[in-house]
Amino acid sequence: IYAIHGDHNLAYPGYVVLTFGLGHNPNDHGGHDFTKYANTPIARLNNGYGSQGTIPLPDYYEQFALRCANFVAASRGCSRWIVGNEPNMEIERPEGRPITPELYAACYVLCRSAIHAIPGHETDEVLLAAIAPWNIQTDYPGNPSGDWITYFQDVQFQVGTCDGFALHTYVREQTADSVVVNSRMDPPFNDYHSGFQAYTDWMKGILLQYRG
């Protein structure tokens, strides 16, 4: 499975992942032409970056959902949309306000509903944002350690239903061998992998209702 991040084309079949800072102006109807890519596109829909927040403050969730829907309606050639990015990371918080699973889920549900309401996009895959692996910056009642897998599962509990997941996992070195290294995290997270094999931790964290 081949893929590349950014405005590029692979020389062989695969995916291209693109990210967009849309803001939350419901009167903005700008879109993007994805038909120019030789590869299958996956679009990540952000409110913005840094202090703007990957999703906006809760007061603007409905406006953000409308902006996402406008973007989808005005775009061509894409049917997979990721709502936000790594909401458990400090650098993705709107004005520094933590994004709990409950808050992210509320935003996601609105965005998914708005996108599915667009004629021709009823069966689009609206994906849950990837949670940042190895990140403990967002703790909350029920997850005092900020466990990233628990955060991922709590989002699933809150949304009730979804079309799929974005999962982030990384190698520690730029070598092919590093993909299969089974090194673990330090306690208290020593049950989790510290490299690319962390994808198996995410898979185990998918609730039974979503498997298949």
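At what angle do helix α3 and helix α4 pack, and how far apart are their axes? Read on to the first legend for the answer, and keep in mind that this is a predicted model.

**View 1. Helix α3 packs with helix α4.** Here you're looking at α3, residues 148-159, alongside α4, residues 198-205. The two pack at an angle of about 35 degrees, and their axes sit 9 Å apart. As for the sense of the crossing, α3 passes α4 in a right-handed one. On the α3 side, the contact is made by Trp148, Ile149, Phe152, Gln153 and Gln156. On the α4 side, look for Asp201, Trp202, Lys204 and Gly205. Sorted by class, the contact has 4 nonpolar, 3 polar and 2 charged residues.

**View 2. Strand β3 is largely enclosed.** Now find β3, which covers residues 40-46. Of its 7 residues, 6 are buried, meaning under 20% relative accessible area, so the rest of the structure largely encloses this strand.

**View 3. Strand β2 pairs with β3.** Strand β2 takes in residues 15-21 and runs parallel to β3, with 7 bridges joining the two. You can pick out a couple of these matches by eye. Thr19 stands opposite Arg44 of β3, while Gly21 has Asn46 as its bridge partner in β3.

**View 4. Strand β1 pairs with β2.** Strand β1 is made up of residues 3-5. It pairs with β2 in the parallel sense, over 3 bridges. To get your bearings, start at Ala3: its bridge partner in β2 is Tyr15.

**View 5. From β3 through a helix to β4.** Strand β4, residues 80-83, runs parallel to β3, and 3 bridges join them. One pair to look for is Leu45 with its bridge partner in β4, Val83. Follow the chain from β3 and you go through helix α1, residues 61-74, before getting to β4. This β-α-β crossover is right-handed.

**View 6. Glu122 sits in a loop.** The loop in question lies between α2 (101-116) and β5 (125-128). Is Glu122 buried, partly exposed or exposed? Its relative accessibility is 46%, so Glu122 counts as partly exposed. That label covers values between the 20% and 50% cut-offs. If you then go looking for Met185, expect a trip: Glu122 and Met185 are 63 residues apart in sequence, and their C-alpha atoms are 41 Å apart in space.

Notes: Residues are numbered from 1 along each chain as its sequence is written. This is a predicted model: local features need pLDDT of at least 70, side-chain atom pairs count only at pLDDT 80 or more; totals for chains, interfaces and linings use all residues. Side-chain values use heavy atoms; hydrogens and water are left out. Buried means under 20% relative accessible area, exposed over 50%, partly exposed in between (1.4 Å probe, protein chains only). Helices (H or I, at least four residues) and strands (E, at least two) are DSSP runs, numbered from the N terminus. Two strands pair if DSSP finds at least two bridges between them. A crossover is right-handed if, with the strands pointing away from the viewer, the path from the first strand over the helix to the second runs clockwise. Axes are lines fitted to C-alpha atoms, for helices over the stretch in contact, and angles run from 0 to 180 degrees between N-to-C directions. A crossing is left-handed if the near helix is turned anticlockwise from the far one by less than a right angle, and right-handed if clockwise. Contact means heavy atoms within 4.5 Å. Ala, Val, Leu, Ile, Met, Phe, Trp, Tyr, Cys and Pro count as nonpolar, Asp, Glu, Lys and Arg as charged, and the others, Gly among them, as polar.
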